[in-house]
Amino acid sequence: FSDPQGAERQAILPIGILTDGDELLVSAYGVEPQGVLLNLTDIRGNRISDRVSVSITLADALSLQPGDSITVLSKVSDLKTEIVVDEIANTHLGLSLYMPLDRFNDTFGMPEGSYSILLSERALDIDPGLLASVATREELQESFKALVAILRGLIIGMGVIAVTIGVIIIYILTSLLIEENRYNISLMKVLGYGKHQIFSLVLNTNFILVLLGYVISIPFIWYLSDLLFAEVTEEMSMSIPVKISYQNIALGLAIILSSYWLSNLVSRKKIWAISMADSLKNREE
C-alpha cells in the first residue's frame, strides 16, 4: 500500500555490536532525516538529521564518543559492517542506534524504500491484517508512568528512612553532648542563667556543623543516587539521569533543619531536668 499522508516512515532491526569478543544486543533505527515526530537532537540541542547517532545509554555502556567506529552485525541477514558514530543523541531511552532511513536500508541490505514502522499523530486507515502491532501515545505514556511510579515510591521510602535515621543520630549526639556538659548546665542554673540562654549555649553550637554536613553531603547524594538508578535500570535498556535542582536542595535543607529543631525540642526537656545539685555533687566527688 502507499504511504499514508502525514505518516513518517521508520525501520528497526536487532543488531549486535561486537566489542572485544563480546556482543551487545541493541536496536538500530532508520529514521526520516526531516521527520518531526521523532526529532533527535545532540547534547547541545542541535538537530541531528543526516548523521549516525547513538543514545546516551548506549554511549555510556560502550564509552562511545563522536567519531568512534563500531562493528555491527545484523541479526536478520548476518551482515557485518563498520559504522562511524557521528553524534550522541540526547535520549536515555534504550540501547539504540539511529541513522537516516535510506542509509539504514543500504547498510543492512534491506530493499530500497522499505520500512517497518509508521509514526502518525492520528489513526491511520490501514488494513489490520497488514499490521504486526499498534501502540498509541497514551499507552506508551502509561507504561512510562508506571515505571516512574515505582522509582518514585523507592525514592520516597529511602527519604523517609533517611529522615528517621537523621533524627535518631542528631538526638543521640545531642544527648551525648548534654551528658558531657551536665555539670556545666547545672552550674549555669546555679548562676541564674535562664532557660533560653542555656538552650542557646548548649544546643545551638551544632547548628553550623549541621549546615556544613548537609552541604558536604550533596555531591555524595548525587553520586549514590546515580549508582542506584544505574542498578535499578540495568535490565531495562535505559538510563535515568540524576539531577538535583535548587528546589530539591532547599527542600532537603528544610527537612534537615526540621529534624534538628525536633531533636532540640526533645532535648530541652532533658536539659531542664538536670538538677542544680548536680554541680555540688560533682564538686564533692
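Helices α3 (137-180) and α7 (246-272) each contribute at least two residues to a nonpolar patch in this predicted model. The patch lies on the surface and has about 1,100 Å² of accessible area in total. From the first part of its list come Ile 161, Ile 165, Ile 168, Ile 169, Tyr 171, Ile 172, Leu 173 and Leu 176, and the list also includes Trp 261, Leu 262, Leu 265 and Val 266. The most generous contributor is α3, which gives 8 residues.

A closer look at α7 is worthwhile. Among the patch residues, Leu 265 sits in α7. With a relative accessible area of 37%, Leu 265 is partly exposed, because that value falls between the 20% and 50% cut-offs. The buried residues of this helix are Gly 252, Ser 259, Tyr 260, Ser 263, Asn 264, Ser 267 and Ile 271. The length of α7 also checks out nicely: at 1.5 Å a residue, its 27 residues should span 39 Å, and the C-alpha atoms at its ends are 39 Å apart, in agreement with that expectation.

Helix α4 (residues 182-190) offers another view of burial, with Ile 185, Ser 186, Met 188 and Lys 189 all buried. These residues lie on the same side of α4, because the arc they cover around the axis is only 160 degrees. The general geometry is familiar: an α-helix has 3.6 residues a turn, so residues three or four places apart point the same way. After α4 comes Gly 192, which has a positive phi, near 95 degrees.

Turning to the strands, β4 (residues 69-74) and β5 (residues 80-84) run antiparallel and are joined by 5 bridges. Within this pairing, Val 72 stands opposite Thr 81 of β5, while Thr 71 has Glu 82 of β5 as its bridge partner. The two strands form a hairpin, with 5 residues between them. Strand β4 is also paired with β1 (residues 8-19), again in an antiparallel arrangement, here through 4 bridges. One contact of β1 with β4 can be picked out by name: the bridge partner of Gly 16 in β4 is Leu 73.

Which residue in the turn of the β4 and β5 hairpin has a positive phi? That residue is Asp 78, with a phi of about 60 degrees, even though Asp 78 is not a glycine. Asp 78 belongs to the loop between β4 and β5. Is Asp 78 buried or exposed? Its relative accessible area is 59%, so Asp 78 counts as exposed, the cut-off being over 50%.

Ser 63 tells a similar backbone story: its phi is positive, near 55 degrees, in a residue other than glycine. For context, most residues other than glycine have a negative phi. Ser 63 is placed in the loop between α1 (56-62) and β4, and Ser 63 is exposed, with a relative accessible area of 59%.

How values were computed
Residues numbered from 1 in each chain as written. Predicted model: local features only at pLDDT ≥ 70, side-chain atom pairs only at ≥ 80, totals over all residues. Heavy atoms only, no water. Pairing = 2+ DSSP bridges. Buried < 20%, exposed > 50% of the residue type's maximum accessible area, 1.4 Å probe, protein only. Arc of directions from axis to C-beta. Patch = residues over 30% accessible without salt bridge, like charges linked within 9 Å, V, L, I, M, F, W, Y side chains within 5 Å. Areas by Shrake-Rupley, 256 points an atom, 1.4 Å probe, with all protein chains shown as cover. Salt bridge = Lys/Arg side-chain N within 4 Å of Asp/Glu carboxyl O. Expected span 1.5 Å × (residues − 1).
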